[in-house]
Amino acid sequence: MISCKEATRLASLQLERQLTLRERLALRMHLAICVGCRRMERQFRFLRQAAGAWMSLKD
């Protein structure tokens, strides 16, 4: 089982590149039992979406 620190790193990394099968499985297994990391992953996705929306706005 990976630590919360490693899960955070993988959740952030998955926004930049596709995780390997091993990384995806490790992250999913951790997220299945860790409520705090599930919340953190949702926040990462929200922030990425919000930043993308903001960047697409025209002055």
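Start with helix 1 and what lies over it: the cover on its buried residues includes helix 2 and helix 3, the latter running over residues 35-56. Keep in mind that you are looking at a predicted model. Which residues of helix 1 are buried? They are A7, L10, A11 and L13. Those residues sit on the same side of helix 1, because they cover an arc of only 165 degrees around its axis. The general rule behind this is handy: an α-helix has 3.6 residues a turn, so residues three or four places apart point the same way.

Now step back and look at the whole chain. How many helices and strands are there? The protein has three helices and zero strands, so its pattern, read along the sequence, is simply α-α-α.

What about the overall shape? The C-alpha trace spans about 45 × 25 × 15 Å along its principal axes. The radius of gyration is 13 Å, whereas a compact globule of 59 residues would come out near 10 Å. Of those 59 residues, 22% count as buried. The protein exposes about 4800 Å², and carbon and sulfur atoms supply 60% of that area. Distant parts of the chain do meet: take the contacts with a separation of 6 or more, and 50% of them come from residues 24 or more positions apart.

Next, go to the start of the chain. M1 belongs to the segment before helix 1, which itself covers residues 4-13. Is M1 buried or exposed? With a relative accessible area of 67%, M1 is exposed. Together with M29 and I33, M1 makes a nonpolar surface patch of about 390 Å².

M1 also touches a residue with quite another setting, H30. You'll find H30 in helix 2, which runs over residues 21-33. H30 is buried, with a relative accessible area of 4%. What does H30 touch, once residues up to four places away in sequence are set aside? The list is M1, I2, S3, C4, A7 and C37. You have met A7 already, as one of the buried residues of helix 1.

Stay in helix 2 for a moment and find R24. R24 is partly exposed, at a relative accessible area of 34%. Leaving out neighbours within four places in sequence, R24 is in contact with Q18 and L19. A53 is 29 residues from R24 along the chain, and their C-alpha atoms are separated by 26 Å.

Follow the chain onward and you reach C34, in the loop between helix 2 and helix 3. At 15% relative accessibility, C34 counts as buried. C34 and T8 are 26 residues apart along the chain, with 11 Å between their C-alpha atoms. Compare that with the pair L57 and C37, which are 20 residues apart in sequence and 31 Å apart in space, C-alpha to C-alpha. L57 lies in the segment after helix 3, and at 59% relative accessibility L57 counts as exposed.

Finally, let's look at the charges. Side chains of opposite charge can pair when their charged atoms come close. How many salt bridges does the structure hold? There are four. One of them joins R9 and E6, with the closest N and O atoms 2.7 Å apart. R9 and E6 are three residues apart in helix 1, which means about one helical turn separates them. R9 is partly exposed at 41% relative accessibility, and E6 is partly exposed too, at 26%.

Another salt bridge runs between R28 and E41, whose closest N and O atoms are 3.3 Å apart. R28 lies in helix 2 and E41 in helix 3, so this pair ties together parts that are 13 residues apart in sequence. R28 is partly exposed, at 43%, while E41 is buried, with a relative accessible area of 7%.

E41 has a further partner: its side chain meets that of R45 in a salt bridge of 3.8 Å, N to O. R45 and E41 both lie in helix 3, four residues apart, about one turn of the helix. R45 is partly exposed, with a relative accessible area of 44%. Put these pairs together and you get R28, E41 and R45 linked in a network of salt bridges.

Technical notes:
Residues numbered from 1 in each chain as written. Predicted model: local features only at pLDDT ≥ 70, side-chain atom pairs only at ≥ 80, totals over all residues. Heavy atoms only, no water. Patch = residues over 30% accessible without salt bridge, like charges linked within 9 Å, V, L, I, M, F, W, Y side chains within 5 Å. Areas by Shrake-Rupley, 256 points an atom, 1.4 Å probe, with all protein chains shown as cover. Helix = DSSP H or I, 4+ residues; strand = E, 2+ residues; numbered from the N terminus. Buried < 20%, exposed > 50% of the residue type's maximum accessible area, 1.4 Å probe, protein only. Contact = heavy atoms within 4.5 Å. Arc of directions from axis to C-beta. Rg over C-alpha atoms; globule rule 2.2 N^0.38 Å.
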